[in-house]
Structures are given as C-alpha cells and as structure tokens.
Amino acid sequence: MKVLKDQQQRLQTELLAWGNQHRRALPWRETRDPFLVLVAEVMLTQTQVSRVATIFPSFVQRFPTIAVLADAPIQELLALWSGLGYNRRALRLRECARSIHNQHQGLVPDDYRVLRSLPGIGPYIANAILAQAFNHRVSALDTNTRRVLLRAFFGTLEQTRELQRKADELVPAGQIWTWTQAVFDLGATICRPQPACAVCPLQEGCLFQGRGDDPHKTPRRQSTFEGSHRQLRGRVIAAFAQGVTTKAELARHIGLSDSAFDQVYNELAQEGFFEPNTT
DNA sequence: AATGCGGGGTG
DNA sequence: CACCCAGCATT
C-alpha cells in the first residue's frame with residue numbers, strides 16, 4: 001500500500017516537472033477568469049483544441065463577461081461560434097450566462113451542485129471550472145485525462161465514482177492548475193490512444209507500460225455526415241448566422257422549399273435558434 | 001444504455 | 001471513406 005503511494009508520488013512529481021517544461025500555449029491558459037474558463041470548456045467539448053484556439057479569442061473579445069454574453073443577439077452569437085460545430089452548445093452557453101446573471105449575482109458559482117444545475121454544464125465542465133478557476137482540489141476527468149490516469153496511476157478499470165475520488169486525491173494541493181494542464185498535455189501529446197511510451201516522462205513506474213488496450217472504451221461511430229440531417233441543420237444555421245433571418249429567405253437560400261426544410265426549420269426553432277432577445 | 005448533435009482534419 | 005475529437009442532454 002505504502003509502496004503504491006510512493007510510486008504514485010514519484011509519477012506525480014515527474015508529470016508536474018514535464019508539464020512545466022512542455023506546456024502548450026493556449027489562449028484560455030492566459031487567464032483564470034471563471035467566465036473565460038467556462039467558455040473555453042464548453043467550446044472544447046468534442047471539439048479539437050486547435051479549432052477552439054482559433055475561435056476563442058475573437059469570441060471572448062466580443063463577449064468578454066457574463067453580462068455581455070447574457071445579452072448576446074443569437075445571430076451574432078452563432079456567427080462567432082461558426083467553425084466549432086454543435087451549435088446548440090452556443091445557445092446553452094448563453095442560457096447559462098443568463099442564469100448566472102439573473103440568479104447568481106453575475107458570478108460563476110464555485111460549487112459543484114450549483115454548477116451542475118446550469119444548462120450545458122455536466123460533471124466534466126463543473127470540475128474543470130472548479131479546478132482551473134477556483135483552485136479546488138478536484139480532477140477534471142474527460143476521456144483524455146481518464147485514459148492518462150487509468151494507465152499510469154491506477155492500471156485497472158475503475159468505476160466512475162471511485163475513479164473520480166482517487167483522481168481527486170491525486171491532485172497536488174499546491175499546484176492544482178499546473179497539474180490539470182500537465183495531465184491534459186500528456187494525454188494530448190504522448191499518452192494518446194496509440195501512446196508514445198518511448199518518449200514518455202512516466203515510463204519508469206507507469207502501470208501501463210504499453211500493455212493492453214486503450215482503457216477508454218471505443219466511441220460510437222457516427223453516421224456519414226454528407227447528406228445527413230446534421231449537415232442540413234448546419235447549413236440552415238450557417239445561413240442564419242450570416243444574416244438570412246426570415247424563414248422564407250432561409251428556405252430559398254437552402255434550396256428546398258418543401259416539407260423537408262419545414263421540418264428542419266421547426267426543429268431548430270423549437271430549440272431556440274431563431275428566438276429574438278427576450279430579457 | 002443508447003442516441004443526436006458539426007464539421008474540419010488526418011491517414 | 002473511416003476515424004478522430006477537453007461531453008451534455010434527452011429518452
């Protein structure tokens with residue numbers, strides 16, 4: 001037992017040192033503003049770091065605070081979101097800002113339960129905000145960091161709840177932000193699904209040692225995008241974001257004025273994509 | 001537990 | 001063309 005703890009501490013020290021040497025320079029790492037961290041984490045759900053890095057700066061320049069985002073015109077919101085995909089995230093992010101603005105004194109909550117109650121914030125984003133913006137000793141567990149910790153530190157498959165507890169204990173009290181970035185960076189550059197163990201700073205003492213399969217379960221396959229419903233939604237929203245705002249104009253712009261367009265339009269309207277600003 | 005949600009990048 | 005990607009909400 002003690003041996004295991006000592007080993008974990010060695011790995012922890014190695015990972016922290018490596019992280020400080022190899023930290024990726026990313027726009028959202030230049031701030032600890034809870035609001036900006038929140039925006040970055042929402043953008044990063046199922047969307048590559050490289051793409052978020054190109055869009056995050058202009059987005060937060062236009063919507064730099066809770067109050068400003070809460071009043072964002074949806075058309076402009078979607079225009080600045082363009083390129084990130086999963087457009088409903090943008091709507092939920094705006095709703096989240098409104099909720100914080102109206103019910104939480106305009107301050108991002110520093111409590112897990114309260115964060116989870118906000119639209120678009122699940123277990124991962126709640127912990128990511130708490131760790132990076134509020135210095136809480138919790139682990140931001142996504143597929144990336146889960147893989148790293150399971151491989152190097154725990155070795156066996158754990159239940160979600162138990163893994164979260166152990167991962168939280170692994171966060172060094174004095175270097176929470178640094179630790180969080182180090183785990184992300186190792187997972188993104190070395191401890192990938194196909195890992196580069198030969199150049200890994202944890203190769204001595206890692207429980208994985210290149211053996212076995214990726215502990216992360218293989219994700220579902222997504223149906224072909226070309227010709228899909230999702231693509232059609234994307235085209236309608238892209239046109240709307242560029243200023244084609246009426247239903248008739250959108251129908252003409254998309255090029256199918258039949259019931260197929262009607263269905264997609266109504267679906268998007270139902271989700272709130274065309275709503276005017278109602279404060 | 002399973003499904004829908006975007007779309008650009010890579011091999 | 002298949003597969004990948006800092007999840008969440010809904011059913």
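Start by clicking on glutamate 169: its relative accessibility is 42%, so it counts as partly exposed. Keep in mind as you go that this is a predicted model.

**Stop 1: Glu169 and Lys5**

With glutamate 169 still selected, add lysine 5. Their side chains meet in a salt bridge, with an N to O distance of 4.0 Å. This pair ties together distant parts of the chain: glutamate 169 sits in helix α10, residues 160-170, while lysine 5 belongs to helix α1, residues 2-22, and the two positions lie 164 residues apart in numbering terms. Lysine 5 has a relative accessibility of 41%, so this residue is partly exposed too.

Now widen the selection to take in Glu162 and Arg165. Together with Lys5 and Glu169, they are linked in a network of salt bridges.

**Stop 2: Arg62 and Glu76**

Next, select arginine 62 and glutamate 76. Here is another salt bridge, and the closest N and O atoms are 2.6 Å apart. Colour the helices and you'll see that this one also links distant parts of the chain: arginine 62 is in α3 (residues 49-62), glutamate 76 is in α5 (residues 74-81), and the two are 14 residues apart. How accessible is arginine 62? Its relative accessible area is 31%, so it falls in the partly exposed class. Glutamate 76 comes out at 30% and is likewise partly exposed. Remember α5, as we'll be coming back to that helix.

**Stop 3: Lys247 and Asp262**

Jump along the chain to lysine 247 and aspartate 262. They form a salt bridge whose closest N and O atoms are 3.1 Å apart. Lysine 247 is in helix α13 (residues 247-254) and aspartate 262 in helix α14 (residues 259-271), so to speak a bridge between distant parts of the chain, 15 residues apart. Lysine 247 is partly exposed, at 30% relative accessible area, and aspartate 262 is partly exposed at 33%.

If you want to hunt down the rest, the full count is 11 salt bridges.

**Stop 4: two domains**

Zoom out and colour chain A by domain. The assignment gives domain 1 as residues 1-219 and domain 2 as residues 229-271. Put a marker at the centre of each, taken over C-alpha atoms, and you'll find 34 Å between them. Now show the residues in contact: 8 come from domain 1 and 9 from domain 2.

How much area do domain 1 and domain 2 bury between them? About 650 Å², with 58% of it on carbon and sulfur atoms.

**Stop 5: across the domain interface**

How many salt bridges are there between domain 1 and domain 2? The count is 1. To see a salt bridge here, select glutamate 271 and arginine 88, whose side chains meet at 3.2 Å, N to O. For polar contacts across this interface, the tally is 1 residue pair, with both residues at pLDDT 80 or more.

Finally, look at the side of domain 1 that touches domain 2. Helices α5 and α6 (88-103) each supply at least two residues to that side. Which helix gives the most? That's α5, with 4 residues. Colour this side of domain 1 by residue class to finish: you should get 5 nonpolar, 2 polar and 1 charged.

Notes:
Residues are numbered from 1 along each chain as its sequence is written. Chains are lettered from A and ligands numbered from 1 in the order in which they are written. This is a predicted model: local features need pLDDT of at least 70, side-chain atom pairs count only at pLDDT 80 or more; totals for chains, interfaces and linings use all residues. Side-chain values use heavy atoms; hydrogens and water are left out. Buried means under 20% relative accessible area, exposed over 50%, partly exposed in between (1.4 Å probe, protein chains only). Domain bounds come from an automatic or database domain assignment. Contact means heavy atoms within 4.5 Å. Buried area is the accessible area (1.4 Å probe) that two parts lose on being put together, summed over both. A polar contact is a pair of N or O atoms within 3.5 Å; within protein, one must be able to donate a hydrogen and the other to accept it, and residues adjacent in sequence count only if both atoms are side-chain atoms. Ala, Val, Leu, Ile, Met, Phe, Trp, Tyr, Cys and Pro count as nonpolar, Asp, Glu, Lys and Arg as charged, and the others, Gly among them, as polar.
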